[in-house]
Amino acid sequence: MIKEGLCQICGKPGIMNSCNLCGRLVCSECYNAEKGLCKICVAKFK
Ligand SMILES: [Zn+2]
Ligand SMILES: [Zn+2]
């Protein structure tokens with residue numbers, strides 16, 4: 001399902017991805033598709 005909205009990290013509008021850990025909706029720039037996590041969660045699990 002494609003969701004459009006505002007990124008909860010950078011605030012840009014666009015197609016959102018939901019983080020598998022925190023559930024934030026984030027844009028593709030703030031989302032790590034490989035891990036399925038937002039960049040904030042990726043930073044926690046370095
Ligand atoms: Zn973003
Ligand atoms: Zn997250």
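A residue counts as exposed if 12 or fewer other C-beta atoms lie within 10 Å of its own, and as buried if there are 20 or more. In the predicted model described here, G5 has 12 other C-beta atoms within 10 Å and is therefore exposed. This glycine is found in strand β1. Leaving aside neighbours within four places in sequence, G5 is in contact with M16 and L25. The pair G5 and L25 is separated by 20 residues in sequence, while the C-alpha to C-alpha distance is 8.0 Å.

The protein chain contains one helix and five strands. In sequence order these elements follow the pattern β-β-β-β-β-α. The C-alpha trace spans about 30 × 20 × 15 Å along its principal axes. Of the 46 residues in the protein chain, 22% are buried. When contacts between residues at least 6 apart in sequence are considered, 6% of them join residues at least 24 apart.

Three strands are arranged as an open sheet with the order β1-β2-β3 and antiparallel pairing. Strands β1 (3–6) and β3 (25–26) are the edge strands, each pairing on one side only. Between β1 and β2 (residues 13–18), which run antiparallel, there are four bridges. On this side of the sheet, K3 has M16 of β2 as its bridge partner, and E4 stands opposite I15 in β2. The antiparallel strands β2 and β3 are joined by two bridges. Here N17 stands opposite V26 in β3.

Both connections between these strands are described by hairpins. The hairpin of β1 and β2 has six residues between the strands, and G11 takes a positive phi near 85°. In the hairpin formed by β2 and β3, six residues again lie between the strands, and G23 in the turn has a positive phi of about 80°.

The largest nonpolar core consists of nine residues. Its members are C7, M16, C19, V26, C27, C30, Y31, L37 and C38. Such grouping can be set beside a general tendency: in soluble globular proteins, nonpolar side chains tend to be buried together. Among the core members, M16 is also the bridge partner of K3 and one of the contacts of the exposed G5. V26, likewise listed in the core, belongs to β3 and faces N17 there across the β2–β3 pairing. Beyond its neighbours within four places in sequence, V26 is in contact with C7, Q8, I9, M16, N17, C19, Y31 and C38. The contact set of V26 thus includes N17, the residue that stands opposite V26.

Terms used. Residues numbered from 1 in each chain as written. Chains lettered and ligands numbered in written order. Predicted model: local features only at pLDDT ≥ 70, side-chain atom pairs only at ≥ 80, totals over all residues. Core = buried A, V, L, I, M, F, W, Y, C linked by C-beta atoms within 7 Å. Contact = placed C-beta atoms within 7 Å. Pairing = 2+ DSSP bridges.
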